[in-house]
Amino acid sequence: MASISRSSALQLLTLFLYALGFACSQPFIGVNYGQVADNLPPPLATAKLLKSTSFGNVRLYDADPEIITALAGTGIGIVIGAANGDIPALASDPNSADQWISSHVLPFYPASNITLVTVGNEVLMSNDEGLISHLLPAMQNMQRALTAASLGGKIRVSTVHSMSLLSQSDPPSSGRFNPAHDDMMKKLLQFQRDNGSPLAINPYPFFAYQGDPRPETLAFCLFQPNSGRVDAGTGIKYMNMFDAQVDAVHSALNAMGFKDVEILVSETGWPYNGDPNEMGPSIENAKAYNGNLISHLRSMVGTPLMPGKSVETYIFALYDEDLKPGSASERSFGLFMPDLTMAYDAGLSKSSQTPAAKTPVVTPSPRPTSMGWCVPKVGIPDDQLQAGLNYACGQGIDCSPIQPGGACFEPNTVASHAAYAMNLYFQASGKNPWDCDFSQTATFTLNNPSYNGCMYPGGST
Ligand SMILES: *[C@@H]1O[C@H](CO)[C@@H](O)[C@H](O)[C@H]1NC(C)=O
């Protein structure tokens with residue numbers, strides 16, 4: 001070593017520090033670990049995989065003890081969830097929350113770095129008034145149980161919303177929560193402010209592109225060169241859809257007087273594969289979205305309305321979930337394959353010294369410029385379709401064509417009536433992509449579902 005010159009020693013040191021910088025896990029970048037699959041690697045292999053990436057956090061949809069145990073000692077922040085089905089008991093019986101914490105948190109913490117408990121998933125969109133009324137009491141009991149276990153302030157309590165919580169989001173400065181949930185949101189946000197917990201929401205630029213599949217929109221959604229979109233309310237020019245969606249949430253919080261409540265992006269992502277009629281899924285696009293999103297978060301530039309910090313963000317998803325119903329894209333959001341190899345390189349590896357490079361603009365193959373139609377996913381049970389149908393027809397759209405004697409009454413099935421109502425609601429409510437969600441039971445199609453005398457509005461504009 002004596003022969004090494006001072007300058008090359010310095011160079012080595014610089015290189016070492018540089019490598020160290022990239023080797024750090026990022027506390028604000030996480031990944032969703034969904035398990036609707038029958039081919040996932042064992043939890044310990046997954047824990048090892050996560051350690052090799054720059055993900056600082058992982059979100060579970062439940063609280064699987066085997067997985068929580070496998071993550072012990074890794075330092076990785078863990079989000080665990082209580083299911084919608086647990087909410088009534090958590091709300092009505094304080095002991096139930098104590099028991100939940102005793103069995104899902106206390107045996108593992110602090111070796112396993114649990115940071116957040118989500119109570120329920122997209123409850124406000126469920127259209128189940130009983131469940132909705134139980135949400136806040138369940139969160140309050142969960143918070144009280146954590147405080148009683150001396151974990152208040154260490155583990156936060158939140159709930160997860162879909163973007164359809166917003167009735168308006170474009171331009172971002174006009175972002176507003178659906179007024180139907182006003183009272184509920186004010187109470188929820190007051191609870192979240194009092195307890196320092198984040199508003200968790202799922203923005204998907206992918207769905208925005210599906211609702212407006214033009215090349216310019218694709219570039220805007222993928223953080224690629226584009227001419228930007230000026231928000232007429234503020235004069236701010238947005239250069240990507242992620243910032244626009246997150247700032248719409250910020251504006252909605254601000255309009256309600258809660259701009260100090262932190263935003264957490266509990267899901268966002270892009271599928272690398274889909275059915276032939278789906279717009280957007282491809283390896284190039286998934287790599288561009290997730291890779292550029294990670295670079296954007298690492299850069300700490302923030303969004304125009306929240307500059308200088310990165311929103312805590314969980315990419316959907318760690319693995320494909322092969323048992324999910326619906327279109328092929330639903331089963332193709334994974335960053336890693338069951339054999340632990342990368343589906344594509346999104347710049348996640350700790351050993352990679354270069355952040356994800358901006359990939360060039362991908363020109364999609366020519367397809368009709370069309371808004372498409374909103375229809376139920378394949379394989380959704382009738383009771384869920386009925387809930388979507390009831391919701392859509394309860395929002396002031398004209399459902400007479402699916403009533404007896406109407407042009408769309410036949411075939412007289414829940415699936416057919418739900419398809420008509422969901423599409424009409426989507427078309428009538430401004431064609432926001434999240435208005436074609438219905439608790440994840442609906443999707444877009446480019447095939448006109450109209451038949452005989454039954455006309456589905458939408459399609460070419
Ligand atoms: C737990 O995870 C959070 C979020 O990633 C991180 O900031 C914190 O340092 C972790 N704690 C430990 C003890 O590793």
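This passage walks through a predicted model of a protein chain with a ligand, from the overall make-up down to single residues.

Taken as a whole, the protein chain has 13 helices and 16 strands. It runs to 461 residues, and buried ones make up 45% of them. How much of the contact pattern joins residues at least 24 apart? Looking at contacts between residues at least 6 apart in sequence, 74% join residues at least 24 apart.

The ligand comes next. Around the ligand sit Pro27, Gly56, Asn57, Gly75, Gly77, Asn113 and Thr115. Sorted by class, that shell holds one nonpolar residue and six polar ones, with no charged residues. Two of the elements met below also supply members of the shell: Gly56 falls in the stretch of β2, residues 55-60, and Gly77 falls in the stretch of β3, residues 77-82.

Helix α2 spans residues 43-51, and its buried residues are Thr46, Ala47 and Leu50. These cover an arc of only 100° around the axis, so they lie on the same side of α2. As for what covers the buried residues of α2, β2 (55-60) and α3 (65-70) are included.

A similar reading can be made of helix α5, residues 94-104. Here the buried residues are Ser96, Ala97, Trp100, Ile101 and His104. Why do they line one face of the helix? Seen down the axis of α5, they fall within an arc of 135°, and that puts them along one face. The face turned away from this buried side carries Asn95 and Ser103, which are exposed. On the buried side, the packing partners are β3 (77-82), α4 (87-92) and α6.

Helix α6, one of those partners of α5, has a further neighbour in α7. The two helices cover residues 129-148 and 182-195, and their axes come within 10 Å and cross at roughly 10°. Angles under 35 degrees count as roughly parallel, so α6 and α7 are roughly parallel to each other. Which residues make the meeting of α6 with α7? From α6 come Ile132, Leu136, Met139, Gln140 and Gln143, while α7 brings Met184, Lys187, Leu188, Phe191 and Asn195. By class, this contact of α6 with α7 has six nonpolar, three polar and one charged residues.

Further along, helix α11 (residues 283-299) contains Ala288. Is Ala288 buried or exposed? It has 27 C-beta neighbours inside 10 Å, so Ala288 counts as buried. The C-alpha atom of Ala288 lies 9.5 Å from that of Cys221, although 67 residues separate the two along the chain.

Met422, in helix α13, gets a similar look. With 27 C-beta neighbours inside 10 Å, Met422 also counts as buried. Met422 and Leu385 are 37 residues apart in sequence, yet their C-alpha atoms are 9.4 Å apart. Leu385 belongs to the stretch of α12, residues 382-393. Leaving aside residues up to four places away in sequence, Met422 touches Cys374, Val375, Pro376, Gly388, Ala392, Cys436, Phe438 and Ala442.

The backbone has a few oddities of its own. Where are the cis peptide bonds in question? One joins Asp170 and Pro171, with omega about -5°. Pro171 sits in the loop between β6 (166-168) and β7 (176-177). Another cis peptide bond joins Glu410 and Pro411, again with omega about -5°. In this case Pro411 is in the loop between α12 (382-393) and α13 (414-428).

Positive phi values turn up too, in residues other than glycine. Ser439 has a phi near 55° and is found in the loop between α13 and β16 (442-445). Ser439 counts as buried because 20 C-beta neighbours lie inside 10 Å, and 20 or more is what that label calls for. The other case is Asn452, which has a positive phi of about 40° although it is not a glycine. Asn452 is placed in the segment after β16. With 8 other C-beta atoms within 10 Å, Asn452 is exposed, whereas Ser439 is buried.

Technical notes
Residues are numbered from 1 along each chain as its sequence is written. This is a predicted model: local features need pLDDT of at least 70, side-chain atom pairs count only at pLDDT 80 or more; totals for chains, interfaces and linings use all residues. A residue is near a molecule or strand if its C-beta atom, placed from the backbone, lies within 6 Å of it. Ala, Val, Leu, Ile, Met, Phe, Trp, Tyr, Cys and Pro count as nonpolar, Asp, Glu, Lys and Arg as charged, and the others, Gly among them, as polar. Axes are lines fitted to C-alpha atoms, for helices over the stretch in contact, and angles run from 0 to 180 degrees between N-to-C directions. Helices (H or I, at least four residues) and strands (E, at least two) are DSSP runs, numbered from the N terminus. Angles under 35 degrees count as roughly parallel, over 145 as roughly antiparallel, 65 to 115 as roughly perpendicular and the rest as oblique. Two residues are in contact if their C-beta atoms, placed from the backbone, lie within 7 Å. A residue is buried if 20 or more other C-beta atoms lie within 10 Å of its own, exposed if 12 or fewer, and partly exposed in between; C-beta atoms are placed from the backbone. The arc is that of the directions from the helix axis to the C-beta atoms.
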